[in-house]
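Visitor: Could you take me on a close look at one part of this structure? I would like to see what surrounds an enclosed space.

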Amino acid sequence: MAESGEGLGTVPEHERILQEIQSTDTACVGPTLRSVYDDQPNAHKKFMEKLDACIRNHDKEIEKMCNFHHQGFVDAITELLKVRTDAEKLKVQVTDTNRRFQDAGKEVIVQTEDIIRCRIQQRNITTVIEKLQLCLPVLEMYSKLKEQMSAKRYYSALKTMEQLENVYFPRVSQYRFCQLMIENLPKLREDIKEISMSDLKDFLESIRKHSDKIGETAMKQAQQQKLFSVILQKQNNVKFGKTIYINDRIPEERNEIVLKPVFEEEDENEEEVLTVQDLVDFSPVYRCLHIYSVLGDEETFENYYRKQRKKQARLVLQPQSNMHETVDGYRRYFTQIVGFFVVEDHILHVTQGLVTRAYTDELWNMALSKIIAVLRAHSSYCTDPDLVLELKNLIVIFADTLQGYGFPVNRLFDLLFEIRDQYNETLLKKWAGVFRDIFEEDNYSPIPIVNEEEYKTVISKFPFQDPDVEKQSFPKKLPMSQSVPHIYIQVKEFIYASLKFSESLHRSSTEVDDMLRKSTNLLLTRTLSSCLLNLIKKPHIGLTELVQIIINTTHLEQACKYLEDFITNITNISQETVHTTRLYGLSTFKDARHAAEGEIYTKLNQKIDEFVQLADYDWTMSEPDGRASGYLMDLINFLRSIFQVFTHLPGKVAQTACMSACQHLSTSLMQMLLDSELKQISMGAVQQFNLDVIQCELFASSEPVPGFQGDTLQLAFIDLRQDEGY
């Protein structure tokens, strides 16, 4: 029963396996058959039995099928045999047709192969054309780059490189020639940087050499503009009847007081106004800046440019050792500085960021400090006022030029006030020599006037007014000597010379008036006073000359008010204005007169001593000579002639001189009597001395100088009477 049960369970499984073998792909048969062997014992035998039974069933079905179709197969064989002959014929025909087609198609094949080759060539040509069309723009751009490099158009070359790298090279980067081009571009960029930097260095060297020409042109234009403004303002003032002040015009009383051109015109007919662009080719700077900007290295370029320009600024600011000797030295110094800063100002306005306003201001402040130090040092060596004046004009044009470019110049005008004091000192030294020459050439005699024409000539030079002299007929004499009008003229010349420095300093008329008055006071109180005092002390100046000097100083003192009017006419500042400085002529000439008066007293006493030294008394004589001593009579005659000259002096001066002379004569005679070496005096000697004293008293009583009251002058000899009586 167990086997029976087992067999019943196994048969359906074998049927399933057989169905899988019949229905599945041969690749899956292996696992199916393996399951047969993996099954229960004897399963293989039973499976084989089952397989044999299945085969027998299929054979029976095949046999039935063959029996069913046998007649049809036979019929088909019969039909096939019937068409066999036709098939042979057809085969022969096909073979023949094929042969004929092969023979006929050989030419077609050849032509077809040619066509194929042509098509391949056309395709290749098309491909080549497409590739060349892709490469040609790159080659053209690279050729353009080479041309730009040859033509030194470096900025354009850099732009072309950018286009090649960003647009063209990516299209043909697979080609070897493109790689070579790409590798060559950095070298070209470095070459461009080196060439542009070399051009910049050449530019900097050229600009250093031509700075003076640039500065000269800029200063010339500034001066022309200033002269034009002055002329235009003067015309406007005349047109509208306005008062013309010193800062706006040239004094009408002296046509030669003009603003002397600092730079002479090279071509008077030249109308074209040159600018810095006309004189300098800035293209190297622009190119270099653009090139470094494109290369992304703009900061390096800016630092290099500023560093080099600072070095050049230090060289420009370094003066020559002998700069102070000629005005050309100062002019060259100023033009170089102006040229330097004109270039920097141009670079500031035409480039962006290469230089900044802060940079130029810093550079200018550094330069200004150096300039002021140099001018202060070198101007101190100038002893020629004309050179100092020319230096002042140069500084003014220099300051006006740079101020026009926006640079602050107030410190330069402050420096001019220091130089003005030095200028006044040089003027004072110069006029000291002028005054000395005038005094040396003077004859110290009243000016002889022959006719009306000569009188008008003198009056036109010196404001002399004396009704008594005017009433006199020709020929006549003016009380002062030739030095008076000459000195008066020279004082006016000094005022004009001092005025020259005050022009163009941008100062008000009040300040200019104050400057003129102060400098004129220095001339009077220091220079002229010193010259007068030195003159008075000179040994060859005698009493007559001293008298004339006193007379001269009186007239010069009276002329001071005309000098004040002269300054007022120049500056249009009234003398009544508050804080207006007065001229110190009164004190100056008063001191000179006092010195001359004292010298008169001294020289008069010295002259008396010279006569007294001629005295040769015989103190033992028995009888007097019966007349006064010869030396005393000569002395009295001399005094009479001198006091006659003193009539032109102020009364008190003549009286004082006369009294001083009498007292000194009395003292000298007294010293003879009281001489310690004198041991004894005879009565005859006393009587002779008495005759001399009588002559002295007679001289005193004759009123040699009018104005003494009573016997005031005789009292000078009263001590001699007392001593003689003793």
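Guide: Let's start with the residues that line the second largest cavity: Phe439, Tyr444, Ser483, Ile487, Leu532, Leu535, Ile549, Asn552 and Leu556. Keep in mind that this is a predicted model. About 40 Å³ of space lies inside this second largest cavity. Now trace the lining back to the helices. At least two of its residues come from each of α17, α18 and α19, and α19 gives the most, with three. What is the chemical character of this lining? Sorted by class, the lining of the second largest cavity has seven nonpolar residues, two polar ones and no charged ones.

How many cavities does the whole structure have, if we count those of 30 Å³ or more? The search finds three of them. The largest cavity holds about 50 Å³ of space. Its lining is made of Ile487, Tyr488, Val491, Leu524, Leu528, Leu556, Ala559, Leu563 and Phe589. You may recognise some names here: Ile487 and Leu556 line the largest cavity, and Ile487 and Leu556 also belong to the lining of the second largest one. The helices will look familiar as well, since the elements that give two or more residues to the largest cavity are α17 (483–502), α18 (509–537) and α19 (543–571). By class, the lining of the largest cavity is made up of nine nonpolar residues, with no polar and no charged ones.

From empty space, let's turn to aromatic rings, which form 23 pairs in the structure. In one of these pairs, Phe341 and Trp364 meet edge-to-face, with 5.2 Å from centre to centre and 90° between the planes. Phe341 belongs to helix α11 (residues 327–350) and Trp364 to helix α12 (residues 357–379), so their pair ties together parts that are 23 residues apart in sequence. Trp364 also pairs with Phe398, this time in a tilted arrangement at 6.5 Å centre to centre, with 40° between the planes. Because Phe398 sits in helix α13 (residues 385–404) and Trp364 in helix α12, this pair ties together parts 34 residues apart in sequence. Are these partners buried or exposed? Phe341 and Trp364 are both buried, and Phe398 counts as buried because its relative accessibility is 0%. Together with Tyr333, Phe334, Phe340 and Phe407, these three residues form one aromatic cluster.

Elsewhere, rings are paired with charges. The charged end of Lys476 sits over the ring of Tyr455, 4.5 Å from its centre, while Arg306 lies over the face of Tyr359, at 5.2 Å from the ring centre.

Key:
Residues numbered from 1 in each chain as written. Predicted model: local features only at pLDDT ≥ 70, side-chain atom pairs only at ≥ 80, totals over all residues. Heavy atoms only, no water. Phe/Tyr/Trp six-rings, centres within 6.5 Å; stacked < 30°, edge-to-face > 60°. Helix = DSSP H or I, 4+ residues; strand = E, 2+ residues; numbered from the N terminus. Buried < 20%, exposed > 50% of the residue type's maximum accessible area, 1.4 Å probe, protein only. Lys NZ or Arg CZ within 6 Å of the ring centre and 35° of its normal. 1 Å grid on protein atoms, 1.4 Å probe; cavity = no way out; pocket = protein on both sides within 12 Å on 5 of 7 lines; lining within 4 Å. Points joined across faces, edges and corners; volume = space filled by probe spheres on them. Nonpolar A, V, L, I, M, F, W, Y, C, P; charged D, E, K, R; others polar.
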